[in-house]
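This report describes a predicted model. Its subjects are a sheet, the helices that lie across the strands, and a pocket.

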Amino acid sequence: MGFLGVGWIGRHRMEAMIATGAIEAAAIAEPSPDMAAEAARLAPEAEIVPDLPALLGLGLDGLVIATPSALHAEQSVAALEAGAAVFCQKPLGRTADEVRRVVDAARSADRLLAVDLSYRFTEGMRRIRELIQGGELGRIYAADLVFHNAYGPDKAWFYDPAQSGGGCVMDLGVHLVDLALWTLDFPQLSGATSKLFSSGEQLGNRTDAVEDYALATLELDTGAAVQLSCSWRLQAGTDAIISASFYGTEGGASLSNVGGSFYDFTAERFRGTARETLASPPDEWGGRAAADWTRRLAAGERFDPASERLVDVAEALDRIYDR
């Protein structure tokens, strides 16, 4: 396995993959010598190489990509065309066209592709999805998903639309869109409306800024409506507000963070005014998406048609951005 980009998130995912015992960390490419040295402590046997071509020249089985968003699609396609499976940080691409190119490359190369959509792997969301897929909540007609972050990214490229592809919707909203569509088994999108704000003003057609607050409604061909809201640097009195709630004709269910935490979640099922706990902390979910891909790759899995649903998520984001 090769690792391209080993900042905090890249190192955390590397650690989760190594802990499976299913892979060997063969090489690392990282422009920061300090970050590369930190990663090398996790994998002393890994070779430090200068860049992506050097990584791909090693004939890797898989590549883990944790670089700025503008590079994800190009780097993923290069890796797949070189015969390496890919695990990439979100977003896989800045637009649906970019994501589609990566998925097409994975299909052509017959290589396993996955994106670190980690909230799918919380115990609470998996329990909620099981209830919904099993029909226990009846027909789902509404969903309400929220991700407000009291802080903002600390790297300048996040605020450049050309490099990031968007602001809080691209950074946080991608998780919300994915959770909604994945939980509901990827219904078709029939419409979307949104309002995007930057520093309290509607973003409009500005190309010199990204949104830091967003409200959106997705209309599904099932007749259901999905409401999304997300933000950076919101003055909400806590570190984070994260939730995913689903309402059906026979009941409801909700995932919500505990005490402003980014990591601790409870999940509950609702019957009228009664509630039942489905899952609660502790739940070490952060590295599960990475570990899952690692085990599947080690087991010999090739292209998974389920990765085509990544295009559905990207198309929904394009609709929110009115692209």
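The account below begins with the sheet and ends with the pocket.

**The sheet**

The predicted model contains an open sheet of nine strands with mixed pairing, in the order β9-β8-β10-β11-β7-β12-β13-β14-β15. Its edge strands are β9 (201-202) and β15 (274-279), each of which pairs on one side only. Strands of a sheet pair through backbone hydrogen bonds, and the pairing may be parallel or antiparallel.

Both senses occur at strand β7. On one side, β7 pairs with β11 in the parallel sense; with β12, it runs antiparallel. The table sets out these pairings together with that of β13 and β14.

| Strand pair | Sense | Bridges | One opposite pair of residues |
|---|---|---|---|
| β7 (140-149) and β12 (240-248) | antiparallel | nine bridges | F147 and I242 |
| β7 and β11 (225-232) | parallel | eight bridges | D144 and Q227 |
| β13 (251-257) and β14 (265-271) | antiparallel | six bridges | L255 and A267 |

How many of the 10 residues of β7 are buried? Seven of them are, and the strand is therefore largely enclosed by the rest of the structure. Buried here refers to a relative accessible area under 20%.

**Helices across the strands**

Helix α8 (residues 168-183) lies across five strands of this model, namely β7, β8 (189-198), β10 (213-220), β11 and β12. Its direction is at about 155° to β11. Helix α10 lies across β8, β10 and β11 and runs at about 55° to β8. Strands β8, β10 and β11 thus appear in the lists for both α8 and α10.

**The second largest pocket**

The second largest pocket holds about 510 Å³ of space. It is lined by 21 residues, and those closest to its centre are R120, F121, W182, D292 and R296. Two or more lining residues come from each of β6 (113-115), α6 (123-133), α9 (288-298) and α10 (309-320). Helix α10, which lies across β8, β10 and β11, is thus also one of the contributors to this pocket.

Which element gives the largest share of the lining? That element is α9, with four residues. By class, the lining comprises 12 nonpolar, eight charged and one polar residue.

Conventions
Residues numbered from 1 in each chain as written. Predicted model: local features only at pLDDT ≥ 70, side-chain atom pairs only at ≥ 80, totals over all residues. Heavy atoms only, no water. Buried < 20%, exposed > 50% of the residue type's maximum accessible area, 1.4 Å probe, protein only. Pairing = 2+ DSSP bridges. 1 Å grid on protein atoms, 1.4 Å probe; cavity = no way out; pocket = protein on both sides within 12 Å on 5 of 7 lines; lining within 4 Å. Points joined across faces, edges and corners; volume = space filled by probe spheres on them. Nonpolar A, V, L, I, M, F, W, Y, C, P; charged D, E, K, R; others polar. Contact = heavy atoms within 4.5 Å. Axes fitted to C-alpha atoms, helices over the stretch in contact; angles between N-to-C directions.
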